[in-house]
Amino acid sequence: MHIDIGEWQVRSHQADDAESLARYANNRNVSRNMRDAFPFPYALDDAREWLKRAMRASPESNFAIASPTEVIGGIGLTFRGDVHRRSAEVGYWLGEPFWGRGIATAALQAVTEYAFAHHDLVRIDAAVFEWNPASARVLEKAGYVFEGRLRESVTKEGQTIDQLLYARIRE
């Protein structure tokens, strides 16, 4: 998969992405907004292991946010099953040097459109930690609608906090 988003792109992961992936993911300001499965510190071996899993997945559901020369972040879908089979969760992160440029919003818009066009989905949602208003703004700018506050629904770094739930429905 490859989608151009201005000077950036959303594309399939490649084995040679490991070095830049580890460089930008190894940042506490990034990891504090991710689930605990996203390690900190984030080592080169973590990047290699992630790439192996992401590149084997079928259907492909995790993508690189990249410049023409390196990975600067990631975005992915978690497809749900059973009665939720037409729904997915989206998650994303971006290396701190690239924050505030609209890259995450463009990537989210592109992956949302891709997911609706290529999968039998009617809903994509995301929950952001209450301390991350920048990520909530990315969702809003990408057309996601605030649906509610999940009170004390996650524990991160010893704190139990709320999540803000956003969703976009296929038109």
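**Asp82.** I began with how far Asp82 is open to solvent in this predicted model. Its relative accessible area is 61%, and the cut-off for exposed is over 50%, so I entered Asp82 as exposed. I then looked up where Asp82 sits and found it in the loop between β4 (71-79) and β5 (87-94). For the backbone I noted a phi near 55° at Asp82, which is a positive value in a residue other than glycine.

**Glu152.** Next I asked which sign phi takes at Glu152. Phi is positive there, about 45°, although Glu152 is not a glycine. I checked the element and placed Glu152 in strand β7, which covers residues 145-156. I also looked up whether Glu152 is buried or exposed. The relative accessible area of Glu152 is 61%, so I wrote it down as exposed.

**Pro41.** I turned to the peptide bonds before prolines. The bond from Phe40 to Pro41 is cis, and I recorded omega near 0°. Where does Pro41 lie? I found Pro41 in the loop between α2 (28-31) and α3 (44-56).

**Pro59.** I looked up the bond from Ser58 to Pro59 as well and entered it as cis, with omega near 5°. Pro59 has its place in the loop between α3 and β3, the latter spanning 62-66.

**Recap.** My page now holds a positive phi for Asp82 and for Glu152. It also holds a cis bond leading into Pro41 and another leading into Pro59. For location, I have Asp82 in a loop and Glu152 in a strand.

Notes: Residues are numbered from 1 along each chain as its sequence is written. This is a predicted model: local features need pLDDT of at least 70, side-chain atom pairs count only at pLDDT 80 or more; totals for chains, interfaces and linings use all residues. Side-chain values use heavy atoms; hydrogens and water are left out. Helices (H or I, at least four residues) and strands (E, at least two) are DSSP runs, numbered from the N terminus. Buried means under 20% relative accessible area, exposed over 50%, partly exposed in between (1.4 Å probe, protein chains only).
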